[in-house]
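The report below describes a protein model, beginning with one of its sheets and moving outward to helices, rings and single residues.

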Amino acid sequence: MNKGKIIVVAAPSGCGKSTIINAVMDDADLNLGFSVSATTRSPRPGEIDGVNYYFMTEEAFRDTIAEGGFIEYEEVYPGRFYGTLRSEIERITASGRNIILDLDVNGALGVKKLYGSQALTLFIEPPSLEELRRRLEFRGTEAPEVVDVRIDRAQYELSRAPEFDRRIVNDRLDLAIKQTRNLFEAFVAGGKI
């Protein structure tokens, strides 16, 4: 059985990354599995260990880091970790399924460094920073100072975009989904990307 491939998607907040990933997840031709992340946060009501997240104690998470068990991780707040288990990647790709990872820029580029040609990195871009700001403000879910922080972060992330295998500008969602699906299909089939 052929080993599955790894697809990594990164984007600034507000670029439609989750919407695009969800739109292609059900494409049977892609044979996609989604990586379940590990975290040290407590489960929320209704969340199931191994389905929503792998819930770990901080000590167990740190031990797994020391053992090289994560392909990427981040401490987002003191003692609050999130990461992608190497065993999760191996479990899915060993079964012949392809895996899609939704990561930040640094995590995505780290996966590419580890897996080389077995991994495809895709960066979803906004048409412009002004349009990204408009989208974030339109959502109305964040205070203006939080939008400013997200725009500052987006500038950094956009500076790293040239390091990705491919980039797609999400100016029109339907077109971005189609371009993403075509790119993934070519990569999974072993064609040129």
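Four strands form an open sheet of mixed pairing, in the order β4-β3-β6-β5, where two strands count as paired if DSSP finds at least two bridges between them. The edge strands, each pairing on one side only, are β4 (54-55) and β5 (70-77). Strands of a sheet pair through backbone hydrogen bonds, either parallel or antiparallel. Between β5 and β6 (residues 80-85) the sense is antiparallel, with 6 bridges; E72 stands opposite T84 in β6, and Y73 has G83 of β6 as its bridge partner. The hairpin of these two strands has 2 residues between them, and G79 in this hairpin takes a positive phi near 80 degrees.

The model is a predicted one, in which local features need pLDDT of at least 70 and side-chain atom pairs count only at pLDDT 80 or more, whereas totals for chains, interfaces and linings use all residues. Residues are numbered from 1 along each chain as its sequence is written, and side-chain values use heavy atoms, with hydrogens and water left out.

The protein has 7 helices and 9 strands, which are DSSP runs numbered from the N terminus (helices H or I of at least four residues, strands E of at least two). Its radius of gyration is 17 Å, close to the 16 Å that the globule rule gives for 193 residues, so the protein is as compact as a globular protein of that length; the radius is taken over C-alpha atoms, and the rule is 2.2 Å times the number of residues to the power 0.38. The C-alpha trace spans about 45 × 45 × 30 Å along its principal axes. Of the 193 residues, 42% are buried, where buried means under 20% relative accessible area, exposed over 50% and partly exposed in between, with a 1.4 Å probe and protein chains only. Among contacts (heavy atoms within 4.5 Å) between residues at least 6 apart in sequence, 66% join residues at least 24 apart.

Helix α4 (residues 105-115) has V105, G107, A108, L109, V111 and Y115 as its buried residues. The elements that cover these residues include β1 (6-10), β5, α3 (86-94), β7 (98-102), β8 (119-125) and α6 (144-160). Just after α4, G116 takes a positive phi of about 55 degrees.

The aromatic side chains can be taken next. A search of the whole structure finds 8 aromatic pairs, that is, rings of Phe, Tyr and Trp (its six-membered ring) with centres within 6.5 Å, called stacked when the planes are under 30 degrees apart, edge-to-face when over 60 and tilted for the rest. The pair of F61 and F70 is stacked, at 4.2 Å centre to centre and 25 degrees between the planes. Ring pairs link these two residues with Y73 and F81 into a cluster. Elsewhere, the charged end of K5 sits over the ring of F187, 4.8 Å from its centre; this term requires NZ of Lys or CZ of Arg within 6 Å of the ring centre and within 35 degrees of the ring normal.

The accessibility of several residues discussed in this report is listed below.

| Residue | Relative accessible area | Class and citation |
|---|---|---|
| F61 | 0% | buried |
| F70 | 7% | buried |
| E88 | 2% | buried |
| R150 | 31% | partly exposed |
| N31 | 33% | partly exposed |

E88 is found in helix α3, where, not counting residues up to four places away in sequence, E88 touches F34, S35, V36, Y54 and I99. R150 lies in helix α6 and, leaving aside its neighbours within four places in sequence, is in contact with S13, L136 and E142. R150 and L132 are 18 residues apart in sequence, and their C-alpha atoms are 9.4 Å apart in space.

Most residues other than glycine have a negative phi. N31, which is not a glycine, has a positive phi near 50 degrees, and N31 lies in the loop between α1 (17-25) and β2 (32-34).
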